[in-house]
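Here is a quick tour for anyone opening this structure for the first time. Keep the sequence and the 3D view side by side as you read.

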Amino acid sequence: MPDTIFTPTYLILLGGPGAGKGTQAQWLMVYLGLVRVASGDLFREHVRSRTELGQSAQRYMDSGELVPDELTIAMVMDRLSRADCRYGAIFDGFPRTVGQAEALDCALAEHGWRIATVIDLQVPFATLMERLSGRWICSVCGGTFHATMNPPREVGRCDFCGNALYQRTDDKPETVANRIQVYMRQTAPLELYYQQRDLLDLIDGTQSVAAVQVAIRGALTQRRLHP
Ligand code: AMP
């Protein structure tokens with residue numbers, strides 16, 4: 001964790017694959033001026049660069065299973081130690097297990113810090129399946145689009161940075177179903193974990209992107225988190 005005289009702001013975006021975490025994180029980065037720490041993106045970078053971690057992670061990712069906690073926690077902590085995280089971070093896709101949540105709490109507590117809020121984007125199983133099958137992602141900035149529900153202005157080009165969009169290989173139907181089941185089994189218990197710590201803000205993730213933003217803004221205001 002970088003040394004800082006500020007109290008950094010840490011937000012978690014919780015929700016199944018395709019719940020809209022990436023889309024909302026993209027907006028929150030600008031709104032709050034914080035970096036996005038997306039564990040899935042970090043793993044994909046490792047796979048692309050053929051690092052040892054990337055090679056270990058790939059088989060889990062290909063089948064939609066979670067990468068073991070030990071590897072995931074070390075990778076995220078390394079990312080958090082970089083200078084651009086000194087004001088805090090928006091976590092997207094991390095933590096995904098109670099073990100990861102505990103490790104994050106411990107790491108923050110060492111500095112006297114804590115999570116400010118957990119935004120839980122709630123979307124039913126069938127809607128997640130439908131969303132993932134039409135998903136397009138920016139290869140450079142991580143911007144997320146959907147062929148019919150949130151199309152980019154120009155087909156195949158990112159609205160935010162103009163780079164090429166691609167479809168993830170793990171967005172194929174067999175893997176998608178497993179990723180959602182893995183979410184229900186291993187990540188959904190985090191709702192209770194954060195509810196018990198009075199950090200959970202439930203948001204209806206089936207609304208339009210703009211309506212979800214309004215709801216998130218309301219939740220942030222309630223917690224006195226202002227840009
Ligand atoms: P995502 O882009 O968040 O959907 O993540 C893609 C894949 O990366 C997941 O299906 C997992 O295999 C792996 N992954 C991402 N984040 C985590 C995490 N916090 N814990 C374990 N595995 C993860």
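Which residue has a polar backbone atom 3.0 Å from a nitrogen atom of the ligand? That residue is Val-67. Keep in mind that this is a predicted model. The points below start at the ligand, then turn to one helix and three individual residues.

**Around the ligand**

- Besides the backbone of Val-67, two side chains come into play: Gln-100 has a polar side-chain atom 2.9 Å from a nitrogen atom of the ligand, and Arg-96 has a side-chain N or O atom 3.0 Å from a ligand oxygen.
- On its own the ligand would expose 480 Å², and the protein buries 95% of that.
- Two elements each give two or more residues to the shell around the ligand: helix H2 (39-48) and helix H3 (52-63).
- H2 supplies the largest share of that shell, with four residues.
- In total, 17 residues surround the ligand, and the closest are Ser-39, Arg-44, Glu-65, Gln-100 and Arg-168.
- Sorted by class, the shell has six charged, six nonpolar and five polar residues.

**Helix H1**

- H1 covers residues 21-32, which makes 12 residues.
- From first C-alpha to last, H1 reaches 15 Å, close to the 16 Å expected at 1.5 Å a residue.
- Nine of the 12 residues in H1 are buried, so the helix is largely enclosed by the rest of the structure.
- The buried set is made up of Lys-21, Gly-22, Thr-23, Gln-24, Ala-25, Gln-26, Trp-27, Leu-28 and Leu-32.
- What do these buried residues of H1 pack against? Their partners are five strands and a helix by name: strand S1 (9-14), S2, strand S3 (88-92), strand S4 (115-122), strand S6 (144-146) and helix H9 (209-222).
- Just after H1 comes Gly-33, with a positive phi of about 70°.

**Arg-36, in strand S2**

- Arg-36 sits in S2, the strand of residues 35-38.
- Is Arg-36 buried or exposed? Arg-36 counts as buried because its relative accessibility is 15%, and the cut-off for buried is under 20%.
- Its side chain makes polar contacts with two aspartate side chains: Asp-92 at 2.8 Å and Asp-41 at 3.4 Å.
- Leaving out residues up to four places away in sequence, Arg-36 also touches several residues of H1, including Gly-22, Ala-25, Gln-26 and Met-29.
- Other residues that Arg-36 touches include Ile-90, Cys-141 and Gly-142.
- Arg-86 is 50 residues away from Arg-36 along the chain, and their C-alpha atoms are separated by 12 Å.

**Asn-178, in helix H7**

- Asn-178 belongs to helix H7, which runs over residues 173-187.
- With a relative accessible area of 19%, Asn-178 is buried.
- The side chain of Asn-178 reaches the backbone oxygen of Ser-63 at 2.7 Å.
- Beyond residues up to four places away in sequence, Asn-178 touches Ser-63, Gly-64 and Glu-65. Glu-65 is also listed among the residues closest to the ligand.

**Arg-135, in strand S5**

- Arg-135 is found in strand S5, residues 135-138.
- A relative accessible area of 12% makes Arg-135 buried.
- Not counting residues up to four places away in sequence, Arg-135 touches nine-odd neighbours by name, among them Gly-18, Tyr-166, Gln-167, Asp-171 and Arg-179.
- Arg-135 also touches Thr-144, Phe-145 and His-146, the residues that span strand S6 (144-146).
- Another residue touched by Arg-135 is Arg-168, which is one of the closest to the ligand.

Notes:
Residues are numbered from 1 along each chain as its sequence is written. This is a predicted model: local features need pLDDT of at least 70, side-chain atom pairs count only at pLDDT 80 or more; totals for chains, interfaces and linings use all residues. Side-chain values use heavy atoms; hydrogens and water are left out. Buried means under 20% relative accessible area, exposed over 50%, partly exposed in between (1.4 Å probe, protein chains only). Contact means heavy atoms within 4.5 Å. A polar contact is a pair of N or O atoms within 3.5 Å; within protein, one must be able to donate a hydrogen and the other to accept it, and residues adjacent in sequence count only if both atoms are side-chain atoms. A residue is near a molecule or strand if one of its heavy atoms lies within 4 Å of it. Accessible areas come from the Shrake-Rupley method with a 1.4 Å probe; for residues, only the protein chains shown count as cover. Ala, Val, Leu, Ile, Met, Phe, Trp, Tyr, Cys and Pro count as nonpolar, Asp, Glu, Lys and Arg as charged, and the others, Gly among them, as polar. The expected span of a helix is 1.5 Å times one less than its number of residues.
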